[in-house]
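Q: Please pick one part of this model and take me through it closely. After that, I'd like to hear how the rest of the chain fits around it.

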Amino acid sequence: MQRVQGARGALDQALRSFRAAMAIAERLAETDPGNTQWQRDLSVSHERIGDVQVAQGALDQALKSYRAAMAIAERLAETDPGNTQWQRDLSVTHNKIGDVQVAQGALDQALKSYRAAMAIAERLARTDPGNTQWQRGLSVSHERIGDVQVAQGALDQALKSYRAAMTIRERLARTDPGNTQWQRDLIVSLVKLSEATGNTAYAARALEIAQDMQRRDILSPRDAWMIDELKRRAGQTGASKNQ
């Protein structure tokens with residue numbers, strides 16, 4: 001119900017629903033501070049409220065909500081460092097804070113937040129190299145850091161970050177060629193490298209992947225626009241649309 005309200009753009013209603021849920025979570029957490037599930041539920045409530053506030057453009061309030069969520073997530077993560085769910089929760093919250101800081105133009109702070117998230121993502125990825133979701137999460141951390149570095153004008157560092165992300169994504173894409181998310185992630189990495197370097201060869205490779213997905217009928221209709229855009233970026237605007 002709450003998520004549907006948000007999806008429909010009824011942000012005020014969603015916010016009221018999430019606040020009502022948080023009031024319950026707060027009472028439960030106060031009743032039994034040692035109940036880690038109730039503590040996590042409270043953290044999630046703060047985070048969901050922050051998500052709505054971001055959608056409303058209330059960035060200062062969102063940052064306050066995310067920091068409240070992070071304070072709980074940090075306590076839980078410190079209580080049981082081996083609990084991977086709590087570690088991942090903390091990483092996600094660092095990323096959300098970083099996203100708000102980017103939107104506010106606080107790039108140095110955002111970079112610090114993204115690096116904190118990546119440190120956790122790296123530990124998780126090392127703990128279980130076979131966990132593809134954690135591997136993908138690490139690639140996203142590298143990419144976010146690269147985006148900030150581009151905005152700061154640190155192109156050499158950004159290229160290093162983007163290439164680190166692409167290395168992971170290439171590995172995932174080879175592991176399961178039918179996974180459209182991983183193929184799309186690799187396209188995004190190649191486009192970012194093309195933009196950062198001015199080298200159209202990256203865009204040409206991204207185009208090959210997209211066209212291969214189209215031939216295999218796994219390119220989502222919502223991504224069909226990428227073919228023409230990648231042709232433009234690769235300097236192949238005169239090519240046949242279905243080539």
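A: Let's start with the word we'll lean on: a contact means heavy atoms within 4.5 Å. What you're looking at is a predicted model, where local features need pLDDT of at least 70 and side-chain atom pairs count only at pLDDT 80 or more, while totals for chains, interfaces and linings use all residues. Residues are numbered from 1 along each chain as its sequence is written, and side-chain values use heavy atoms, with hydrogens and water left out.

The part I'd pick is Gln101. You'll find Gln101 in helix H5, which covers residues 84-103. Helices are DSSP runs of H or I with at least four residues, strands are runs of E with at least two, and both are numbered from the N terminus. Is Gln101 buried or exposed? Gln101 counts as buried, because its relative accessibility is 3%. The cut-offs, with a 1.4 Å probe and protein chains only, are under 20% relative accessible area for buried and over 50% for exposed, with partly exposed in between. Which residues does Gln101 contact once its neighbours within four places in sequence are set aside? They are Leu63, Arg67, Ala106, Gln109, Ala110 and Ser113.

H5 also holds Gln87. Gln87 has a relative accessible area of 9%, so Gln87 is buried as well. Beyond four places in sequence, the contacts of Gln87 are Ala77, Asp80, Pro81, Ile120, Arg123 and Leu124.

From there, step along to helix H6, residues 107-127, where Ala121 sits. With 8% relative accessibility, Ala121 is counted as buried. Leaving out residues up to four places away, Ala121 touches Ser91, Leu138 and Ser141. A longer step along the chain leads to Ile145, 24 residues from Ala121, with 13 Å between the two C-alpha atoms.

Now go the other way, towards the N terminus. Ser65 is part of helix H4 (residues 59-79). Ser65 is buried, since its relative accessible area is 10%. Apart from residues up to four places away, Ser65 touches His46, Ile49, Gly50 and Gln53. The C-alpha atoms of Ser65 and Arg48 are 8.6 Å apart, and the two residues are 17 apart in sequence.

Helix H3, residues 36-56, contains Ser43. Ser43 is another buried residue, with a relative accessible area of 7%. Ala69, Ile72 and Ala73 are what Ser43 touches, again not counting residues up to four places away. Between the C-alpha atoms of Ser43 and Ala25, which are 18 residues apart along the chain, the distance is 8.9 Å.

Stepping back to the whole protein, there are eleven helices and zero strands. The C-alpha trace spans about 65 × 40 × 35 Å along its principal axes. Of the 243 residues, 43% are buried. If you take contacts between residues at least 6 apart in sequence, 53% of them join residues at least 24 apart. As for charge, counting Lys and Arg as positive and Asp and Glu as negative, without His or the chain ends, and placing each charge at NZ of Lys, CZ of Arg, CG of Asp or CD of Glu, the mean positions of the 33 positive and 29 negative charges are 2 Å apart.

Further along the chain there's a nonpolar core to look at. Such a core is a set of buried Ala, Val, Leu, Ile, Met, Phe, Trp, Tyr and Cys residues joined through side-chain atoms within 4.5 Å. The largest one has 20 residues, and those with the most contacts inside it include Leu186, Ile209 and Leu230. Helices H8 (155-175), H9 (180-197), H10 (200-215) and H11 (225-233) each give two or more residues to this core. H10 gives the most, with six residues. Leu186 is in contact with Met166, Arg169, Glu170, Ala173, Arg205 and Ile209, leaving aside neighbours within four places in sequence.

For contrast, try Asp217, in the loop between H10 and H11. Asp217 is exposed, given its relative accessible area of 68%. The phi angle of Asp217 is near 60 degrees, a positive value in a residue other than glycine.

Finally, a word on confidence. pLDDT is the predictor's confidence in each residue, from 0 to 100. The protein averages 92, and 93% of the residues score at least 70. Over residues 239-243, pLDDT stays under 50, and the model has eleven contacts there beyond four places in sequence.
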